[in-house]
Amino acid sequence: MVVPGSHHREDKIYHPPEDLKKDAHVPDFYSYLALYKKSVDEPEVFWREVAAEFYWKKPATGPILQYNFDVTKGNIYVKCMEGAKTNMCYNVLDRNVKDRNLGEKVAYYWEGNSPDHSMAITYSQLLSQVCRCANVLKQMGVKKGDRVAIYMPMIPELVYTMLACARIGAVHSIVFAGYSSESLCERILDAQCCIVVTADGVYRGQKLINLKQIVEEALEKSRDKVSPTVTRCLVVKNHSLRTKSGEASNKLQIPWDAERDVWWDEVMADVSDDCEPEWLDAEDPLFILYTSGSTGKPKGVLHTVAGYMLYTSLTFKYVFDHHHDDVYWCTADIGWITGHSYITYGPLANGATGVLFEGLPVYPHVGRFWEIIEKYKVTKFYTAPTAIRLLMKYGKEPVQKYNLSSLRILGTVGEPINPEAWLWYYEVVGQSRCPVVDTFWQTETGGHVLTPLPAATPLKPGSATFPFFGVEPTILNEHGEELEGEAEGYLVFRRPWPGIMRTVYGNQERFENQYFKKFPGFYVTGDGCRRDKDGYYWITGRIDDMLNVSGHLMSTAEVEAALTKHAAVAEAAVVSRPHVVKGECLYCFVTLKDSREFNHKLVEELKGLVRERIGPIATPDFIQNAPGLPKTRSGKIMRRVLRQIARNEKDLGDLSTLADPKVVEVLFSQRCEAAA
Ligand code: WT7
C-alpha cells in the first residue's frame, strides 16, 4: 500500500531537540554513523561488547554470528554465540535484582481495563512470582523444550508465565487472546503444545469475554484431530473481573474439567519461590509466535535465546534512549511480537519501568491514553498508527486536558504512518518537543531493523529512516538486481543480525521458500521500499498477498478460506481498500453458487464466519456480490483489477489478459460505496 500523501512534506526535516542530546546514548548523527560502521565492519567486536553486559553460564566458543543466507549454497541457518550457555529469565530478572540492585525498582505499573484497577510490581516481586510459576509448570509436567500455549489477557500473570517458560527452557507460544477458538486450535496443534495457560475472562471495554470457554472450544476441536496434545490447563482468576471487595462482578459460566484444569491461585499458593534456571544453549528455542502466511496457514516464527536477548535489549536501549528514571509505555498486546520484544524482554533486560495496560484507548473515555501518561508520568510512549488515527478523530481537547510534559520520545510501529497522523502525534501529543521514532520491523526480525535514533536522526514524517546496528538493507528490482541511490523495489537484507528468526517451527522448507528463494543471498521482507535522494528508507507496504489491518498482518488467502466455508459461496477474492483509521480494511468479492441469493442476512453470516474462524480483527468492511471474477485465460484471479474496483479507480489500464472483460463492468456497477 502506498500511503496517501506519503510523498508530500518530504522536504521538511525535524531535528532532534537539544535537551535530548545532552545525556543520549547516541547524541548525534555522526555517532550513529560511526557505530553503524563498526557494527557492519567489525560485527564480532561490536556484538561481543554488547554480550559482555549479560550473564553467561558458559562463554561462547565460536564466533558471534555464523550463517548461510544463500539457498544455492545449502541450507539457510543463523547461529549466534554458539557454545555459550545462558538463560533469558535470569538475565532479565535475577541479574537486575542481584547484580544491579534493582530489586525494589518497579518493573511494571499494571493498569486494568477499569481505571479502578491498578498495581505496581517490583523486580523482586516479579522474580518471586516467575519462580513460583516455573515451579508450578514443572509440577504439571512441563520440561525443557516442551511447548506451552498461552492465551491470556494483558495481566501480570501473562508476563509471569512467559518468563517462567523462559526460566525452565519451555518454549512459549502466545496466542493473542482476540483470536478465535479455531485459530487457537490450529496453533496448539501445529506446535504440539502440552499445556494451555489462560484466564477465566477479561473485560474489553464493557464487553466481557469468556476466555476459558474459547479455550474449551479450541481443545474440543483439537480432539477430533490426529494428535490431541494438551493434557493440562492452568487458569488464572483475572482479578480485574472482581470488585475491590473481591466479589465476582460477572456471571461467567466457566467450563471445567477436573482432570485437566487447575486454578492458578490454588497451585501458586504452596510452591517455593526459588527455582534454579535451566542453563540453555545459546541457540535453544525461546519462543514460537505465529504470523500470517501468504498461503493462509500461519507460520510459527521461531526465536532462540542468545541472539534475541542481545538484539531486543540493544534496540530498546538505543531506540528509546533508555535511562534509569524513565517510565516507558508500549500499548501493544503481548500477543504480538511488539509486546514480546518491547513490553517484556527488551525493557526488562534494561531494568526499565514499564506500564502494562489491560484496556482500550477509548474506554471509559477517549482520553484514557493521555490520562495514563499523566498518571504514571510516562517519558517514552510507543503505539500504532491506527491508534493515533483513531484518537485524532476526537480532536485536540481530550489530549490537552492532561499534563503530558513528562513525555520525551514517541514511537510508532506496525504499518506505514501517514504524514497527517505523524504530524498530529508530533505536534499535539508530543507538543513539538518529542522525536517520533517510526520503527519498521516484523515478527520475523525479532526487533527494530529500520528506525531513527531519537537524539541522532533528523526525521522525515513517514520514513523509518535508516538501518539499526548490524542491519544491512538493500533494494532489489524484479530481476534481483541491486538498486543504488534513489530507487524503489523489494526491501531485502544482506546478512543476519542476532535477533532474526531461525526457522518456521517444524517447517524449514517453508522458511527457506518464503524468505530466501526469490532472491538467493538475501532475506526478503515482503515489503516494498523506496530510498530517497538523502538515503532515507520509506516503506511502501506489502508486495505480496498480505494485508495490514490496524497494524495486524493477515493474508488474503486465510480470509478467502473462511468465506468459502459458507455453503452459499462458490469462490471468494479478498483485497485491501484504504481506511481512515485501520490503514487498510478488507474488501471481499464473493461469487455465489447457483440459485443462492445475495442479501443482508448472507453478508452478516459471512462476517460472522470470518470472525469465528480468524477473529474480530479480520471482520470484513465490504462484501460485494460478484457474479464473476476477473480472471486471466489460465484462470488466475487478477487482484490488481479487484483492488482498483474496491478503490473506485476507473482507469484500469491493460485488460487484454482478461478472459472476459465484461465482468469488470458488472463489478464496477455493483461496487459497495459504504461499509457493509
Ligand atoms: C509488517 C510486519 C513489527 C511489529 C508489528 C507488526 C508492517 C511494521 C512498520 C513501519 C511501515 C510497517 C510491514 C511489515 N510494518 N512496522 N514502521 N512502517 N510498515 O509485525 O505482524 O510481523 O508485521 O508490518 O508491512 O512487514 P508483523
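This passage describes strand pairing, salt bridges and a charged surface patch in a predicted model.

An open sheet of 8 strands is present, and its pairing is mixed. The strand order is β12-β11-β8-β6-β7-β14-β15-β24. Strands β12 (261-263) and β24 (503-504) stand at the edges. Each has a single partner strand, so one side of each is left without a neighbour in the sheet. Within the order, β8 is followed by β6. Strand β6 spans residues 147-151 and strand β8 spans residues 195-199. The two pair in the parallel sense, over 4 bridges. In this pairing, Val 148 stands opposite Ile 195 of β8. Strands of a sheet pair through backbone hydrogen bonds, in either a parallel or an antiparallel sense.

An antiparallel pairing is formed by β27 (residues 546-549) and β28 (residues 552-555). These strands are joined by 4 bridges. Met 546 stands opposite Ser 555 in β28. The two strands form a hairpin, with 2 residues between them. Ser 550 lies in the turn and has a positive phi of about 50°.

Side chains of opposite charge can pair when their charged atoms come close. The structure holds 42 salt bridges. One of them joins Lys 375 to Glu 111, with the closest N and O atoms 2.9 Å apart. This pair links distant parts of the chain. Lys 375 belongs to helix α12 (residues 368-376), whereas Glu 111 belongs to strand β4 (residues 106-111). The two residues are 264 residues apart. Their surroundings can be described by accessibility. Lys 375 is partly exposed, at 41% relative accessibility. Glu 111 is buried, with a relative accessible area of 2%.

A salt bridge also connects Arg 502 and Glu 283, and its closest N and O atoms are 2.9 Å apart. Arg 502 lies in the loop between β23 (487-493) and β24, and Glu 283 in the loop between β13 and β14 (285-291). The pair therefore ties together parts that are 219 residues apart in sequence. Arg 502 counts as buried, at 8% relative accessibility. Glu 283 counts as partly exposed, at 22%.

Lys 460 and Asp 534 meet through their side chains in a salt bridge of 2.7 Å, N to O. Lys 460 is in the loop between β20 (436-439) and β21 (473-476). Asp 534 is in the loop between β25 (523-531) and β26 (537-542), so the pair ties together parts 74 residues apart in sequence. Lys 460 is buried, with a relative accessible area of 2%. Asp 534 is partly exposed, with a relative accessible area of 41%.

Salt bridges that share partners also build a network. Glu 111, Arg 368, Glu 371 and Lys 375 are joined in this way. The network thus includes both residues of the Lys 375 and Glu 111 salt bridge.

Charge also gathers on the surface. Asp 273, Asp 274, Glu 276 and Glu 278 form a patch of negative charge there. Among them, Glu 276 lies in the loop between α9 (264-269) and β13 (280-281). Glu 276 has a relative accessible area of 55% and is therefore exposed, since exposed residues have over 50%.

Conventions:
Residues are numbered from 1 along each chain as its sequence is written. This is a predicted model: local features need pLDDT of at least 70, side-chain atom pairs count only at pLDDT 80 or more; totals for chains, interfaces and linings use all residues. Side-chain values use heavy atoms; hydrogens and water are left out. Patches are made of residues with over 30% relative accessible area and no salt bridge: like charges are joined within 9 Å, nonpolar side chains (Val, Leu, Ile, Met, Phe, Trp, Tyr) within 5 Å. Accessible areas come from the Shrake-Rupley method with a 1.4 Å probe; for residues, only the protein chains shown count as cover. A salt bridge is a side-chain nitrogen of Lys or Arg within 4 Å of a carboxyl oxygen of Asp or Glu. Lys and Arg count as positive and Asp and Glu as negative; His and the chain ends are not counted. The place of a charge is taken as NZ of Lys, CZ of Arg, CG of Asp or CD of Glu. Buried means under 20% relative accessible area, exposed over 50%, partly exposed in between (1.4 Å probe, protein chains only). Two strands pair if DSSP finds at least two bridges between them.
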